[in-house]
Every structure is written in structure tokens, then in C-alpha cells.
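Q: I am new to this structure. Please take a close look at a single part of it and describe that part in connected prose.

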Amino acid sequence: MPDAASEAAAGRAHALAASVREEDVLLVLLSGGASSLWAAPAGIDLETKTALTRGLLKSGADIHEMNTVRRHLSRIKGGRLAKAAYPAKLLTLAISDVPGDVPEAIGSGPTVADAKTLSDARAVLEKYHIAPPDAIARALQDPANETLKPGDKELSAARFVIVARPRAALDAAARLTEARGYK
């Protein structure tokens, strides 16, 4: 769950990205868990965002739905870390932990475009009958909380590479155990 330490970490990461110069290269090492480890609420406070995260976890929403909401309530997710670093070059090396290895779902996509919209985030809450507090409802109506979209110029200097996938790790473990005589 996001906490004060994750909010501070997100602030440091965002400040670092914003400090790079055009001739610099920002290297982002990204893995699962970054959604909680980089909490940077937008338009709401941390306590409200944490309560929403708990509600989404209990609701049965899948990781893609949860991240759709989280990206739209963050100052760092949904491509916003890349936006902070622009126009510097940015390289993200990611370890996937999500079904389908979808870049915007890994850590809620701080360095990639997000095809989902504020309307999609509101629809997730409606689907799971989550009545958001006023602050969340306002934040999910605020155009300033829209994520970066495919083709946005702030993503033109960003590159994203998945360096490890769950399926590849399972396949390697299977080969190793079979090589040692196990079936």
C-alpha cells in the first residue's frame, strides 16, 4: 500500500527527472510494485488515495483496471515521469509482473503513453460500485489529470524495453528442473 515513504520516493524521482538536461539520458529501472512505491497523488491526499487503493483491491478489479484509476490520480504515472524529463532522452528497462506484459500496466506506466482516459477511470469505479469521495470525483473530472497519450511530444525521446517477463522466468525454471531429471 502507498505510504508517506512512497510519496517521498515519488517526489524524489520526479524531481530528479525534472532536473535532467536535454543532452542527458535518464535511465529508469522499473518493476512491479512501483504503483505503490511511487505514490504521487494528484488532486487528492495520500490517505484518500490509499483508501481508494484498498477499495479497488477488495472490489475484484484486475490490475489493468486498478492501474487505469491510479494513473489518473497521479503526478508521476501515466507517462508523467517521462514528461518531467522531456526533452532529455529516457530509457526504461522494465521487469514485467502483469499479464500480457502491457507497458502502461507495469508500475502504472510512468514513462509510457496511456490510451485510457479519465472517463475510463470513472467507469472502473462505477463498474465496481465504488462511490468515490468528492475529492476523487473532482480529480477524475479535472482535465489536468489526463495522462499522456500515444503521439504526445513529451514521449518522443522515451524508449521502453521489457528485460524480464513472468512467462520467460517460468519457462527457464521448467527447463532447469527438467535438466535435473524432474518431470
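A: Axes here are lines fitted to C-alpha atoms, for helices over the stretch in contact, and angles between N-to-C directions run from 0 to 180 degrees. Helices (H or I, at least four residues) and strands (E, at least two) are DSSP runs, numbered from the N terminus. The model is predicted, with pLDDT of at least 70 needed for local features and 80 or more for side-chain atom pairs, while totals for chains, interfaces and linings use all residues. Residues are numbered from 1 along each chain as its sequence is written, and side-chain values use heavy atoms, without hydrogens or water.

The part chosen is helix α4, which spans residues 63–71. Its axis comes within 8 Å of the axis of helix α6, residues 118–127, and the two cross at roughly 125°. α4 and α6 are therefore oblique to each other (under 35 degrees is roughly parallel, over 145 roughly antiparallel, 65 to 115 roughly perpendicular, and the rest oblique). Their crossing is left-handed, meaning that the near helix is turned anticlockwise from the far one by less than a right angle; clockwise would be right-handed. On the α4 side, the contact (heavy atoms within 4.5 Å) is made by Glu 65, Thr 68 and Val 69. On the α6 side, Asp 120, Ala 121, Val 124, Leu 125 and Lys 127 take part. By class, this contact has 4 nonpolar, 1 polar and 3 charged residues (Ala, Val, Leu, Ile, Met, Phe, Trp, Tyr, Cys and Pro count as nonpolar, Asp, Glu, Lys and Arg as charged, the others, Gly among them, as polar).

Helix α4 also packs with α3, at an angle of about 165° and with the axes 10 Å apart. α3 and α4 are therefore roughly antiparallel to each other, and their crossing is right-handed. Lys 49, Leu 52, Thr 53, Leu 56 and Leu 57 of α3 meet Met 66, Val 69 and Arg 70 of α4. These residues divide into 5 nonpolar, 1 polar and 2 charged. Val 69 of α4 is thus named in the contact with α6 and in the contact with α3.

Leu 57, which lies in helix α3, touches Met 1 and Met 66, leaving aside residues up to four places away in sequence. The C-alpha atom of Leu 57 is 22 Å from that of Gln 141, a residue 84 places away along the chain.

Helix α4 has a further role in the lining of the largest pocket, where it supplies the largest share, 4 residues. The other elements that give two or more residues to this lining are α2 (34–37) and α3 (46–59). In total, 17 residues line the pocket, and Gly 33, Ser 35, Ser 36, Ile 63 and Arg 70 lie nearest its centre. The lining comprises 7 nonpolar, 8 polar and 2 charged residues. Arg 70 is therefore listed both there and in the contact of α3 with α4.

Technical notes. 1 Å grid on protein atoms, 1.4 Å probe; cavity = no way out; pocket = protein on both sides within 12 Å on 5 of 7 lines; lining within 4 Å.
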